[in-house]
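Dear colleague,

I am passing on the structure we spoke about, and my notes on its packing and strand pairing follow underneath.

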Amino acid sequence: MNIKSALLSMTISLLLSITSYSQEIFELTVERKLTSADCTMGYLIANGKVICYTLELPWKDNSNNISCIPEGIYNGILRYDKTDGWRIQLEKVPNRTGVQIHMGNYTTQIEGCILVGTDAKVDNCSVLNSSTAYTKLKEAFYGTNNPNSTPNKNIIVTFK
């Protein structure tokens with residue numbers, strides 16, 4: 001085998017190995033529908049399918065821990081170190097850290113994060129059945145309710 005053939009063979013092998021490790025995209029959209037002085041409410045859409053309601057704090061100029069986050073597109077990472085054992089954390093939210101999607105029912109349980117629920121109560125800014133909605137989110141990510149490994153997925157979260 002000459003040097004050109006060897007280089008071509010190595011290049012093809014490299015390209016094949018890169019494509020076999022390509023990431024799928026797990027796309028979430030928070031479609032905000034109600035904003036008030038007390039909260040921001042909307043829907044969470046996973047790969048084009050509405051899966052639950054969302055609850056956030058009201059907009060307060062992106063102030064850390066007391067405001068919903070700015071509209072935009074953010075990368076997400078998985079965290080396994082909290083008591084619920086699984087959550088999505090957003091990266092590079094301007095002037096913010098630790099912004100996550102997690103369980104909870106009331107704005108008093110939020111410090112700039114996003115809560116999920118299968119039902120919403122507009123009159124008192126709350127979401128209900130948060131653990132059920134959280135399970136739906138995990139199932140949407142893993143593709144099953146009984147995962148045995150973490151898929152290689154790039155998480156993209158869009159806030160509208």
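In this predicted model, the largest nonpolar core holds 26 residues, of which L28, I88, L90 and L137 touch the most other members. The elements that each give two or more residues to this core are the strands β1 (24–35), β2 (40–46), β3 (49–56), β4 (72–79), β5 (87–90), β7 (114–117) and β10 (153–159), together with the helix α2 (130–142). Among these contributors, α2 gives the most, with five residues.

As for L137, once residues up to four places away in sequence are set aside, its contacts are F26, L28, L44, I51, W86, I88 and I101. Apart from the largest core lies another one, made up of nine residues, which include L55, L57, I110 and L115.

Strand β7 deserves a separate paragraph. In a regular strand the side chains alternate between the two faces of the sheet. For β7, both faces turn out to be covered, since I114 and V116 on one side are buried, as are L115 and G117 on the other.

Which strands pair with β7, and in what direction do they run? On the one hand, β3 and β7 run antiparallel and are joined by three bridges, with T54 standing opposite V116 of β7. On the other hand, β6 (residues 100–102) runs parallel to β7 and is joined to it by two bridges, and here H102 stands opposite L115 of β7, a residue that also belongs to the nine-residue core.

With best regards

Key:
Residues are numbered from 1 along each chain as its sequence is written. This is a predicted model: local features need pLDDT of at least 70, side-chain atom pairs count only at pLDDT 80 or more; totals for chains, interfaces and linings use all residues. Side-chain values use heavy atoms; hydrogens and water are left out. A nonpolar core is a set of buried Ala, Val, Leu, Ile, Met, Phe, Trp, Tyr and Cys residues joined through side-chain atoms within 4.5 Å. Buried means under 20% relative accessible area, exposed over 50%, partly exposed in between (1.4 Å probe, protein chains only). Helices (H or I, at least four residues) and strands (E, at least two) are DSSP runs, numbered from the N terminus. Contact means heavy atoms within 4.5 Å. Two strands pair if DSSP finds at least two bridges between them.
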